[in-house]
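These notes are meant for a colleague who is opening this structure for the first time. Please read them with the sequence and the view side by side.

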Amino acid sequence: MVRQNKIGLDIQKKAYHTDKFYQPKLTSKTSIIGSPYEVIYNHLSYEYHICDSYIELGTAVFWIQKTDLLPIMKILKKLGYEVLNEMSAIDMLELKGEFEMFYQLLSCNVNNSEKRRIRVKCILKPNESIDSIVTEFRCAIWSERETFDMFGIIFSGHPHLTRLLMPQDWVGYPLLKSYPLKGDEHASWYEVDKIFGKEYRQIIGPEQRDSARVDEKDTFNFTRIGHETQKGMQTQSVLNSNKSSKALFVKNLDPSKAKVLKERR
């Protein structure tokens, strides 16, 4: 059943959410001065410029210049932050014309029991590169490859900067907000071009990338409640429904009246 508003418009046909309906509550930020993290701040700010710093969700956040990334990572590692939990980028190109790089560090040192977690952040402009931190954190070899694969960011000094998740000949970077949700023209024809060749495009057709598409006769990807068959086997016909055994609040559908829609309404 499609819900309708008072003037009879189908409100489910379009996205009607805007920011005026809901604004997420921002997490609180407190000063590092006077906290256990102040000693870390003093170590870093003595030699390098800290653009901004605060404590958020129990984690010390340091905004730095990208040129200072590698030496600051070396200092933090000497201070006991030897675990790189996570690193990646945030696409802020549309809003600010830049990437936000973040590096999440953890210390298991008993001396850092009150200051376990640190997040280092910096700004990266489009077409700029940033230093690799693989020499200090070996696990970054995978995180930096994934960031390159998904965002196209170049890490200077990385020993093997190639795609990690996507095929080596893939075109584009899937986690950019400008990347189409269903992929671009290259993505639609990738498997056909790769396996059969471009001359088979008209014969096979593009890859089906519509996540809303449901084929009632496809028992490989979809379940047919009440008419299940072995995985991969196509049903020959639909059993006649027993009108008297209709479940409450469930409408009996007539398969003979089914039709395939060319596009989602």
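1. A good place to begin is Met101, which, leaving aside residues up to four places away in sequence, touches Met87, Ser88, Ala89, Val120, Lys121, Cys122, Leu124, Ile130, Thr147, Ile153 and Phe155. Please keep in mind throughout that this is a predicted model, and that what follows describes that model.

2. Met101 also stands out within the largest nonpolar core, which has 42 residues and in which Met101 and Tyr103 are those with the most contacts. The element that gives the most to this core is helix α2, residues 69-78, with 6 residues. As general background, nonpolar side chains in soluble globular proteins tend to be buried together.

3. Helix α2 deserves a closer look, and its buried residues are Leu69, Leu70, Ile72, Met73, Ile75 and Leu76. What do these buried residues of α2 pack against? Their partners are helix α1 (38-45) together with the strands β3, β5 (98-106), β6 (117-124) and β7 (129-131). After α2 comes Gly80, which has a positive phi, near 110°.

4. Several of those strands belong to an open sheet of 6 strands, whose order is β1-β2-β3-β6-β5-β4 and whose pairing is mixed. Its edges are formed by β1 (29-30) and β4 (83-92), each of which pairs on one side only. Within the sheet, β2 (residues 50-56) and β3 (residues 59-64) run antiparallel and are joined by 6 bridges, and Glu56 has Thr59 in β3 as its bridge partner.

5. The loop between β2 and β3 contains Leu57, a residue other than glycine whose phi is nevertheless positive, near 55°. Is Leu57 buried or exposed? With a relative accessibility of 68%, Leu57 counts as exposed. Asn127 offers a second case, for it is not a glycine and yet has a positive phi of about 70°; Asn127 is placed in the loop between β6 and β7, and at 87% relative accessibility it counts as exposed.

6. Turning to charged side chains, the count of salt bridges comes to 8. Side chains of opposite charge can pair when their charged atoms come close. One of the salt bridges brings together the side chains of Glu100 and Lys96, with 3.6 Å from N to O. The two partners are covered to unlike degrees, since Glu100 counts as buried at 9% relative accessibility, whereas Lys96 counts as partly exposed at 47%.

7. Another salt bridge is formed by Lys194 and Asp169, whose closest N and O atoms are 3.1 Å apart. Why does this pair tie together parts that are 25 residues apart in sequence? The reason is that Lys194 lies in helix α5 (residues 185-195), while Asp169 lies in the loop between β8 (154-156) and α5. Lys194 is exposed, with a relative accessible area of 53%, and Asp169 is partly exposed, with 36%.

8. Helix α5 can be followed a little further through Asp193, which forms a salt bridge with Arg201, the closest N and O atoms being 2.6 Å apart. Both ends of this bridge are partly exposed, Arg201 at 24% relative accessibility and Asp193 with a relative accessible area of 21%. Elsewhere, Lys29, Glu56 and Arg119 are joined into one network by salt bridges that share partners.

9. The loop between β8 and α5 also holds Leu164, which counts as partly exposed at 31% relative accessibility. The C-alpha atoms of Leu164 and Glu144 are separated by 9.4 Å, with the two residues 20 residues apart along the chain. Which residues does Leu164 touch, not counting those up to four places away in sequence? They are Trp142, Arg145, Glu146 and Asp149.

10. Finally, attention should go to the surface, where Ile195, Phe196, Tyr200, Ile203 and Ile204 form a nonpolar patch with about 530 Å² of accessible area together. Among them, Phe196 is found in the loop between α5 and α6 (201-204), and with a relative accessible area of 44% it is partly exposed. For a reader comparing regions, this patch is on the surface, whereas Leu69 and Met73 are among the buried residues of α2.

Notes: Residues are numbered from 1 along each chain as its sequence is written. This is a predicted model: local features need pLDDT of at least 70, side-chain atom pairs count only at pLDDT 80 or more; totals for chains, interfaces and linings use all residues. Side-chain values use heavy atoms; hydrogens and water are left out. A salt bridge is a side-chain nitrogen of Lys or Arg within 4 Å of a carboxyl oxygen of Asp or Glu. Buried means under 20% relative accessible area, exposed over 50%, partly exposed in between (1.4 Å probe, protein chains only). Helices (H or I, at least four residues) and strands (E, at least two) are DSSP runs, numbered from the N terminus. Contact means heavy atoms within 4.5 Å. Patches are made of residues with over 30% relative accessible area and no salt bridge: like charges are joined within 9 Å, nonpolar side chains (Val, Leu, Ile, Met, Phe, Trp, Tyr) within 5 Å. Accessible areas come from the Shrake-Rupley method with a 1.4 Å probe; for residues, only the protein chains shown count as cover. A nonpolar core is a set of buried Ala, Val, Leu, Ile, Met, Phe, Trp, Tyr and Cys residues joined through side-chain atoms within 4.5 Å. Two strands pair if DSSP finds at least two bridges between them.
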